[in-house]
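The exercises below concern the pockets and the overall build of one protein, and each comes with a solution worked step by step. Please look over the sequence and the structure before starting.

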Amino acid sequence: MLCAYNRTRTPEEIRRILGVLPVPANEVYLETDPPHAYEVARKTSKTCFLFKILAAGRVSRTPDGVDKAFKEALDSIKPQDCIVVGMFPRFKDEVKENCDRVRKILNANS
């Protein structure tokens, strides 16, 4: 399991990076984190399961944001790696939407 975002930064590290400590301090998602995580996944021979590719819903406020996050993840990992995405299909069929999204991205890449 590999988180796309560094969720283990201490308050001191966050303050050093940002210059301030946001409130809440444990909700920091930096756009530079996923490329680093995907590089780590590519470098290991083991199969990786990447999670939090949507930054705990922060990038899912628009369909384009979700598409971009899925595409970046799928384009950046090894063929045997997986992504794990939390869903809340109460108001719409997010399972179907995400399956369709993955199929579209993978078909475009083949």
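**Exercise 1.** How much space lies in the second largest pocket?

*Solution.* The structure is a predicted model, and every value in these solutions is computed from it. The space in the second largest pocket comes to about 260 Å³.

**Exercise 2.** Describe the lining of the second largest pocket, going from residues to elements to residue classes.

*Solution.* Step one is to list the residues: 15 of them line the second largest pocket, and Tyr-5, Glu-31, Val-59, Lys-68 and Glu-72 are those that lie nearest its centre. Step two is to assign the lining to elements: α2 (33–43) and α3 each contribute at least two residues, and the largest share, four residues, is that of α3, a helix covering 63–76. Step three is to sort the lining by class, which gives ten nonpolar residues, one polar residue and four charged residues.

**Exercise 3.** Carry out the analysis for the largest pocket, beginning with its volume.

*Solution.* The volume of the largest pocket is about 380 Å³. Its lining is made up of 22 residues, with Leu-54, Ser-60, Val-66, Gly-86 and Glu-94 lying nearest the centre. Turning to elements, α3 (63–76) and α4 (94–109) each supply at least two of the lining residues, and α4 accounts for the largest share, namely four residues. Sorted by class, the lining holds twelve nonpolar, five polar and five charged residues; Gly-86, one of the residues nearest the centre, falls among the polar ones because glycine is assigned to that class here.

**Exercise 4.** Which helix supplies at least two lining residues to the largest pocket and also at least two to the second largest pocket?

*Solution.* For the largest pocket the helices to consider are α3 and α4, while for the second largest pocket they are α2 and α3. The helix named for both pockets is α3.

**Exercise 5.** Place the pockets in the context of the whole protein by describing its elements, extent, burial, contacts and surface.

*Solution.* Begin with the elements: the protein has four helices and three strands, and from the N terminus on they follow the order β-α-α-β-α-β-α. The C-alpha trace spans about 45 × 40 × 20 Å along its principal axes. Of the 110 residues, 31% are buried, with under 20% relative accessible area as the cut-off. Among contacts with a separation of 6 or more, 64% join residues 24 or more positions apart. Finally, the accessible surface amounts to about 7,500 Å², and carbon and sulfur atoms account for 57% of that surface.

Conventions. Residues numbered from 1 in each chain as written. Predicted model: local features only at pLDDT ≥ 70, side-chain atom pairs only at ≥ 80, totals over all residues. Heavy atoms only, no water. 1 Å grid on protein atoms, 1.4 Å probe; cavity = no way out; pocket = protein on both sides within 12 Å on 5 of 7 lines; lining within 4 Å. Points joined across faces, edges and corners; volume = space filled by probe spheres on them. Buried < 20%, exposed > 50% of the residue type's maximum accessible area, 1.4 Å probe, protein only. Contact = heavy atoms within 4.5 Å. Areas by Shrake-Rupley, 256 points an atom, 1.4 Å probe, with all protein chains shown as cover.
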